[in-house]
Amino acid sequence: MPDGLAAARVLLTDLVGDRAESWDRTGLLPRELLVRLGAAGYLCPQVATAHGGLGWDSAEDGEFTAHVGSLCSSLRSIMTSQGMAAWTIDRLGTEQQRSGLLTRLTGGELAAVAFSEPQAGSDLSAITTRIVRDGDSVVVDGIKTWSTAAAYADIVVVVGILGDGGAGAVVVPTREPGVQVERIADPLGCRAAGHADIRLTRVRLPATSLLGGGGQFLPLLVTTALAYGRMSVAWGCVGILRACLAAAGAHARSREQFGRPLGSHQLVARHLADLLMAEQAATRACEHASRCWDEGSADQVLATVLAKHVSATQAARGSAIAVQVLASAATRDGHMVARAYRDAKCMEIIEGSNEMCQLLLADHVLATK
Amino acid sequence: MTQLGVHDATADSGEVEKDILRFLEAQTKRSWDPRVDLFAAGGLSSLFAMQLVVHLEQTHGISIRGADLRLDNFRTVASMVALVYRLRGAAGASGA
């Protein structure tokens, strides 16, 4: 393991400590922690060193993301959003936009990405947020919903339709007049991840806020931006599974019923085997996808969807198994395994639901096999 | 540009076209006309558009970013050849 990654893991273990439970119960992460991690480059580790980032590859970022995911999925979700914003700026922005904005994202500013709308969830072709050019400005109008990390964000990358054709991603500072960010109360999972609805009413911004001048192909823009989010969620789910595996293993060794440890009861032992299988399958799928990313292989596109789907479904299944093994010990809010159970379920919905991933995978089979 | 440069570029764009057609065929198990609209009804998916982006970047040493992620650049094999040629020229001009 590279030194930087090993040190980052130790630092995060230390910083999170035993606080993930209270973050989950209060639904809040300490802002100073997020700013500190952001300024150290840890919220988007793949950003190039030239832009103040750590310059990690996908495999290193993935292992780190899994580690944070094993500690706290809310914090990991913040990383997913910041990383997705950075990736979108990197792919869509001009050189000037890249150097300006990425330096801010590695300097302590927090970011989110806003795709979903009340009538555009899985079907992002139904997006109605408008970005209209007006001289040296662009004017943004629309309603975005369930934007992860938006409640903490200084800037939000908003995806919309351009008045003069094509799609665009515009960087909206949340302090601008006309921007209203409203935190969603009591989400099922990743409770402290700052999910919010965003109302944009005649938000006037400099035209330079529109990444790459806009006019991109909406499906390509969305697929590009989501690609990073899918990798991040997939690795985060590996972390959920690792934490569940450790908790279930420890409990099955130490807890005794009918005069012997739980693990020596065959029906419980089978749960442990299933949990190990889930963790290993998810890990291998993520490692393969990261390798494809780092090699620049075109296979990365499919491997990313596959990793996301395998990891999310295995995490949902694995965390349910862990609840079953720990039983009453884990059936209270805030407990690591209870959090995993709620958080993992949300991972089957975000960044491409199970069903959307299945459709993409099936399309691939129909088109190529 | 010198006569030699023009000649090289022409030979080169033939290679780029061949590569893209090969990639399309290998991925989709069917042959494509260089001028057909790949993304028209019954054509390729948005996921495949992304695969094309990554393939072109990897194979031709270019970076497709920003405003170049327009559908018009990927609509046909011919438009992708033009894109590769233009971005290679840009990379050469900036000394990359």
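Here are some short exercises on this predicted model, each with a worked solution.

Residues are numbered from 1 along each chain as its sequence is written, and chains are lettered from A, with ligands numbered from 1, in the order in which they are written. Because the model is predicted, local features need pLDDT of at least 70 and side-chain atom pairs count only at pLDDT 80 or more, while totals for chains, interfaces and linings use all residues.

**Exercise 1. Get to know chain B**

Find which pattern chain B follows along the sequence.

Solution. Start with the elements: chain B has 3 helices and 0 strands. Helices (H or I, at least four residues) and strands (E, at least two) are DSSP runs, numbered from the N terminus. Read along the sequence, the pattern is α-α-α. Next, look at burial: 33% of the 96 residues of chain B count as buried. A residue is buried if 20 or more other C-beta atoms lie within 10 Å of its own, exposed if 12 or fewer, and partly exposed in between, with C-beta atoms placed from the backbone.

**Exercise 2. Where the chains meet**

Work out how many residues of chain A are in contact with chain B.

Solution. Two residues are in contact if their C-beta atoms, placed from the backbone, lie within 7 Å. On that basis, 26 residues of chain A are in contact with 20 residues of chain B. On the chain A side, the elements that give two or more residues are helix 5 (73-92), helix 7 (218-254), helix 9 (300-326) and helix 11 (354-368). Sorted by class, this side has 10 nonpolar, 14 polar and 2 charged residues. For the classes, Ala, Val, Leu, Ile, Met, Phe, Trp, Tyr, Cys and Pro count as nonpolar, Asp, Glu, Lys and Arg as charged, and the others, Gly among them, as polar.

**Exercise 3. Three helix pairs in chain A**

Decide how helices 5 and 6 of chain A are oriented to each other, then do the like for helices 7 and 8 and for helices 9 and 11.

Solution. Axes are lines fitted to C-alpha atoms, for helices over the stretch in contact, and angles run from 0 to 180 degrees between N-to-C directions. Angles under 35 degrees count as roughly parallel, over 145 as roughly antiparallel, 65 to 115 as roughly perpendicular and the rest as oblique. A crossing is left-handed if the near helix is turned anticlockwise from the far one by less than a right angle, and right-handed if clockwise.

- Step one: the axes of helix 5 and helix 6 (residues 95-105) of chain A come within 9 Å and cross at roughly 165°, so these helices are roughly antiparallel. Helix 5 of chain A passes helix 6 of chain A in a left-handed crossing. Here A:Q82, A:A85, A:A86, A:I89 and A:D90 of helix 5 meet A:Q97, A:R98, A:L101, A:L102 and A:L105 of helix 6.
- Step two: helix 7 and helix 8 (residues 266-295) of chain A pack at about 155°, with axes 9 Å apart, and are therefore roughly antiparallel. The residues of their contact divide into 19 nonpolar, 4 polar and 2 charged.
- Step three: for helix 9 and helix 11 of chain A the angle is about 140° and the axes are 10 Å apart, so this pair is oblique. The crossing of helix 9 and helix 11 of chain A is left-handed.

**Exercise 4. Follow A:T313**

Say whether A:T313 is buried or exposed.

Solution. Locate A:T313 in helix 9 of chain A. Then count: A:T313 has 20 C-beta neighbours inside 10 Å and so counts as buried. Finally, look beyond residues up to four places away in sequence: A:T313 touches A:E348 and A:N354. A:T313 and A:M347 are 34 residues apart in sequence, with C-alpha atoms 8.1 Å apart in space.

**Exercise 5. Two positive phi angles**

Compare the burial of A:A149 with that of A:F258.

Solution. A:A149 has a phi near 75°, a positive value in a residue other than glycine, and sits in the loop between strand 3 (137-147) and strand 4 (155-162) of chain A. A:A149 is buried, with 28 other C-beta atoms within 10 Å. A:F258, also not a glycine, has a positive phi of about 55°, and lies in the loop between strand 8 (256-257) and strand 9 (260-261) of chain A. With 8 C-beta neighbours inside 10 Å, A:F258 counts as exposed.
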